[in-house]
Amino acid sequence: QVQLVESGGGLVQAGGSLRLSCAASGRTFSSYAMGWFRQAPGKEREFVARISRSGGSTYYQDSVKGRFTISRDNAKNTAYLQMNSLKPEDTAVYYCAASIGSLTVRVGSVDLWGQGTQVTVSS
């Protein structure tokens, strides 16, 4: 029912900001918990942030707390990741994720993935 398409990645200098968007098709977007994961070259895919179906609850990986903000607009069928104070270690492909059940820090909890958008942060 739902297909996820990310956008908004790019090249920024350290300390800069980007906003990623995840546009969903289908009729059941609000039924899914949403999240963001990232994967750097040579590393496993890791959890970044999650948001509940209503948007009332969020959770972040420790390394991005205070810098990243996840949000969603169910009327627009879109989830977002606002990234501020970017660091070179944030460089990765960022993936939008959806779960009809519980979305956790584990990649196995994800039911649907976007195709990813590259974020590169220069020193």
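Threonine 28, the cores and the strands

User: Where is threonine 28 found, and why is this residue called partly exposed?
Analyst: Threonine 28 is found in the loop between E3 and E4, the elements being DSSP runs numbered from the N terminus (helices H or I, at least four residues; strands E, at least two). Its relative accessible area is 24%, and a residue is buried under 20%, exposed over 50% and partly exposed in between, with a 1.4 Å probe and protein chains only; threonine 28 is therefore partly exposed. This is a predicted model, in which local features need pLDDT of at least 70 and side-chain atom pairs count only at pLDDT 80 or more, while totals for chains, interfaces and linings use all residues. Residues are numbered from 1 along each chain as its sequence is written, and side-chain values use heavy atoms, with hydrogens and water left out.

User: What is the distance in space between threonine 28 and isoleucine 100?
Analyst: The two residues are 72 apart in sequence, and their C-alpha atoms lie 9.6 Å from each other.

User: Why is alanine 98 called buried, and which residues does it contact?
Analyst: Alanine 98, which is found in strand E9, is called buried because its relative accessible area is 0%. Once neighbours within four places in sequence are set aside, its contacts (heavy atoms within 4.5 Å) are with Leu4, Tyr32, Ala33, Met34, Leu103, Val110, Asp111 and Leu112. Alanine 98 and arginine 53, which are 45 residues apart in sequence, have a C-alpha to C-alpha separation of 10.0 Å.

User: What makes a set of residues a nonpolar core, and which members of the largest one touch the most others?
Analyst: Such a core is a set of buried Ala, Val, Leu, Ile, Met, Phe, Trp, Tyr and Cys residues joined through side-chain atoms within 4.5 Å. The largest one holds 29 residues, and those touching the most other members are Met34, Trp36, Leu81, Met83 and Tyr94. Two or more residues come to this core from each of strand E3 (18–25), strand E4 (33–39), strand E5 (46–51), E7, E8, E9 and strand E11 (117–122). Another core, of 6 residues, lies apart from it and includes Ala33, Phe47, Ala97 and Val110. Beyond its neighbours within four places in sequence, leucine 81 is in contact with residues including Leu18, Leu20, Trp36, Val48, Phe68, Ile70 and Tyr94.

User: How do you know how compact the protein is for its length?
Analyst: The protein has 0 helices and 11 strands. Its radius of gyration, taken over C-alpha atoms, is set against a globule rule of 2.2 Å times the number of residues to the power 0.38. The value is 13 Å and the rule gives 14 Å for 123 residues, which is close, so the protein is as compact as a globular protein of that length. Along its principal axes, the C-alpha trace spans about 40 × 25 × 25 Å, and 41% of the 123 residues are buried.

User: What is unusual in the phi of asparagine 77 and of serine 85?
Analyst: Asparagine 77 has a phi near 55 degrees, a positive value in a residue other than glycine, and it is found in the loop between strand E7 (68–73) and strand E8 (78–83). Serine 85, likewise not a glycine, has a positive phi of about 50 degrees, and is found in the loop between E8 and strand E9 (92–99). With a relative accessible area of 41%, serine 85 is partly exposed.
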